[in-house]
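Here are some short exercises to work through with the sequence and the model side by side. Try each task before you read its solution.

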Amino acid sequence: AKRPPQRSSSLMRSIPNPFLPRSRRTLSQGAAMSNQAAIRAGAQAIGAAPARQLFRDICKNLGRVLTIYDLNITTAEARSAIAQRFRNNGHIKDPRIVDVLVAKGYLHLEETLLQHKQKNHLWQLLDNEEGKNFPGAPDDALEKRAQAHIDALLS
């Protein structure tokens, strides 16, 4: 009386669970690749798939997020800002750190979709390296006024 293997739904297989062991998380049940082969594939190949899936999930929800928070930028601008954030972390090869960053990314996405963030939190995430380039982004006028007040007090 041999039991057939349990099959999980395709939805559950597509959502990465950072709390499962790597062998169960990255390989499907019917995969022919062994754990040793996955380890030999290298940290970059293992860490790239969850990060790529996170980026796709974020891009799928971008239009909805921009509408919910009434952000005055296009979807293409937001996608390029998010892609730049991913590229900034592209040099990280340690699979443990990649797993933490992916889990943190999913946490940010979930908090954003559940509207636990405010508009300025999203501006900080979408902010470019050069500064606040998007229209409607909060400026640093308050910081300039505070610095002018401090300078006046010190002189």
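**Exercise 1. Where in the chain is the place of Asp 70? Then look at its backbone and its exposure.**

Solution. Keep in mind throughout that this model is predicted.
- Step 1: Find Asp 70 in the loop between α4 and α5.
- Step 2: Read its phi, which is near 55°, a positive value in a residue other than glycine.
- Step 3: Set that against the general rule. Most residues other than glycine have a negative phi.
- Step 4: Check the surface. Asp 70 has a relative accessible area of 56%, and the cut-off for exposed is over 50%, so Asp 70 is exposed.

Now carry the idea over to Gln 115, a residue in the loop between α6 (95-113) and α7. Phi of Gln 115 is near 60°, again a positive value in a residue other than glycine.

**Exercise 2. Describe the overall make-up of the chain.**

Solution.
- Step 1: Count the elements. The chain has eight helices and zero strands, so to speak an α-α-α-α-α-α-α-α order from the N terminus on.
- Step 2: Turn to burial. The chain has 155 residues, and 22% of them count as buried.
- Step 3: Consider the surface. About 11,500 Å² is accessible, and carbon and sulfur atoms account for 54% of that area.
- Step 4: Look at sequence separation. Take the contacts between residues at least 6 apart in sequence: 62% of them join residues at least 24 apart.

**Exercise 3. How many residues does helix α5 have, and which residues in α5 are buried?**

Solution.
- Step 1: Helix α5 covers residues 75-88, which gives 14 residues.
- Step 2: From its first C-alpha to its last, α5 reaches 20 Å, close to the 20 Å expected at 1.5 Å a residue.
- Step 3: The buried residues in α5 are Ala 78, Ala 81, Ile 82 and Ala 83.
- Step 4: Recall the helix geometry as you view them. An α-helix has 3.6 residues a turn, so residues three or four places apart point the same way.

**Exercise 4. At what angle do α5 and helix α7 pack, and which residues make the contact?**

Solution.
- Step 1: The axes of α5 and α7 (residues 119-126) lie 9 Å apart, at an angle of about 60°.
- Step 2: The two helices are therefore oblique to each other.
- Step 3: On the α5 side, the contact is made by Ala 78, Ala 81, Ile 82 and Arg 85, while α7 brings Gln 124, Leu 125 and Leu 126.

**Exercise 5. Is Ile 82 buried or exposed, and what is it in contact with?**

Solution.
- Step 1: Ile 82 lies in helix α5.
- Step 2: Its relative accessible area is 11%; under 20% counts as buried, so Ile 82 is buried.
- Step 3: Leave aside neighbours within four places in sequence. Ile 82 is then in contact with Phe 55, Ile 58, Leu 62 and Leu 126.
- Step 4: Its C-alpha is 8.7 Å from that of Cys 59, and these two residues are 23 apart along the chain.

**Exercise 6. Classify the aromatic pair.**

Solution.
- Step 1: The count comes to one aromatic pair.
- Step 2: The ring centres of Phe 55 and Phe 86 are 5.3 Å apart and the planes stand at 75°, so the pair is edge-to-face.
- Step 3: The pair links distant parts of the chain, with Phe 55 in helix α4 (residues 43-68) and Phe 86 in helix α5, 31 residues apart.
- Step 4: Phe 55 is partly exposed at 23% relative accessibility, and Phe 86 is partly exposed at 27%.

**Exercise 7. Which residues does Leu 109 touch?**

Solution.
- Step 1: Locate Leu 109 in helix α6, where it counts as buried at 12% relative accessibility.
- Step 2: Not counting residues up to four places away in sequence, Leu 109 touches Asp 57, Ile 58 and Asn 61.
- Step 3: The C-alpha atoms of Leu 109 and Asp 57 are separated by 8.6 Å, although the residues are 52 apart along the chain.

Key. Residues are numbered from 1 along each chain as its sequence is written. This is a predicted model: local features need pLDDT of at least 70, side-chain atom pairs count only at pLDDT 80 or more; totals for chains, interfaces and linings use all residues. Side-chain values use heavy atoms; hydrogens and water are left out. Helices (H or I, at least four residues) and strands (E, at least two) are DSSP runs, numbered from the N terminus. Buried means under 20% relative accessible area, exposed over 50%, partly exposed in between (1.4 Å probe, protein chains only). Contact means heavy atoms within 4.5 Å. Accessible areas come from the Shrake-Rupley method with a 1.4 Å probe; for residues, only the protein chains shown count as cover. The expected span of a helix is 1.5 Å times one less than its number of residues. Rings of Phe, Tyr and Trp (its six-membered ring) pair if their centres lie within 6.5 Å; planes under 30 degrees apart count as stacked, over 60 as edge-to-face and the rest as tilted. Axes are lines fitted to C-alpha atoms, for helices over the stretch in contact, and angles run from 0 to 180 degrees between N-to-C directions. Angles under 35 degrees count as roughly parallel, over 145 as roughly antiparallel, 65 to 115 as roughly perpendicular and the rest as oblique.
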